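Grab a viewer and work through the exercises below, each with its solution spelled out step by step. Try each one yourself before reading on.

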Amino acid sequence: PTPRVVVTVTELRDFSMQYDPPQDANMVEQLQRRPNAFLPFWGLALRDMVERRAPPKFLMRDPARRMVQVGVEGTLIGAMTTPRTLRSSFMGQLVMVEGIVTRCSMVRPKLLRSVHYSEAKAEFVHKEYRDELSPFIDSTHLPTVNVFPKKDSDGNPLVTEYGLCTFADH
């Protein structure tokens, strides 16, 4: 499982109000309206801090497995809804959904990295997948198309090695 640091909305609100005048008093409101402008960068900053202070054994792990997730908990003022009142106007926002789950469809795992084997070349090929929730580092880390490669650059067929693929925790 991916390590997770939980940010409490109440503590963030209290931290923002310490300033006189409150400079970022609406930080929680901005987080609610545009979480993708904050959470990926908090995750990257957290990852940098962990890499600077982590023991060497932790740093020897695969970089994709070293990712630290940022979670949010607490009461979001004005953003509480039920599954019945959940609308498309909430897209891209941080909301609290309160209700009882009576039925759930199968959740498809989120693929981060696929590994494929080319029998003709006897080598492995990998492909990274990113979406709008992935950390945006620079222009090379834009969202990608989520299509499995069927052939390598020379036209040889590829076999997907599912056991070597990396999936995200939900």
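**Exercise 1. Find which exposed residues sit on the face of α3 turned away from its buried side, then work out what the buried side packs against.**

Step 1. The face of α3 turned away from its buried side carries R52 and R53, both exposed. Exposed here is over 50% relative accessible area, buried is under 20%, and partly exposed is in between (1.4 Å probe, protein chains only). Keep in mind that this is a predicted model, where local features need pLDDT of at least 70, side-chain atom pairs count only at pLDDT 80 or more, and totals for chains, interfaces and linings use all residues. Residues are numbered from 1 along each chain as its sequence is written, and side-chain values use heavy atoms, with hydrogens and water left out.

Step 2. Now list the buried residues of α3: L39, P40, G43, L44 and L46. Looking down the axis of α3, these buried residues fall within an arc of 165 degrees, so they line one face of the helix. (The arc is that of the directions from the helix axis to the C-beta atoms.) An α-helix has 3.6 residues a turn, so residues three or four places apart point the same way.

Step 3. The buried residues of α3 pack against β1 (4–8), α2 (27–33) and β2 (69–73). Helices (H or I, at least four residues) and strands (E, at least two) are DSSP runs, numbered from the N terminus.

Step 4. Check the length of α3: residues 39–53, 15 residues in total, reach 21 Å from first C-alpha to last, close to the 21 Å expected at 1.5 Å a residue. That expected span is 1.5 Å times one less than the number of residues.

**Exercise 2. Decide whether Q32 and T81 are buried or exposed, and list what they touch.**

Step 1. Place Q32 in helix α2. Its relative accessibility is 12%, so Q32 counts as buried.

Step 2. Skip the neighbours of Q32 within four places in sequence, and you're left with contacts to L76, I77, A79, Q93 and L94. Contact means heavy atoms within 4.5 Å.

Step 3. Move on to T81, which lies in strand β3 (residues 80–81). T81 has a relative accessible area of 4%, so this residue is buried.

Step 4. Not counting residues up to four places away in sequence, T81 touches L86, F90, M96, V97 and E98.

**Exercise 3. Work out which strands β5 pairs with, and in what sense.**

Step 1. Start with β6 (residues 123–128): six bridges join this strand to β5, and the two run antiparallel. Strands pair if DSSP finds at least two bridges between them. Y117 stands opposite F124 in β6.

Step 2. Look at the hairpin of β5 and β6, with four residues between the strands: A122 takes a positive phi near 55 degrees there.

Step 3. Next comes β7 (residues 158–160), paired with β5 in the antiparallel sense over three bridges. Here V159 is the bridge partner of Y117.

Step 4. Finish with β8 (residues 166–168), joined to β5 (residues 110–118) by three bridges, again antiparallel. In β8, T166 stands opposite R113.
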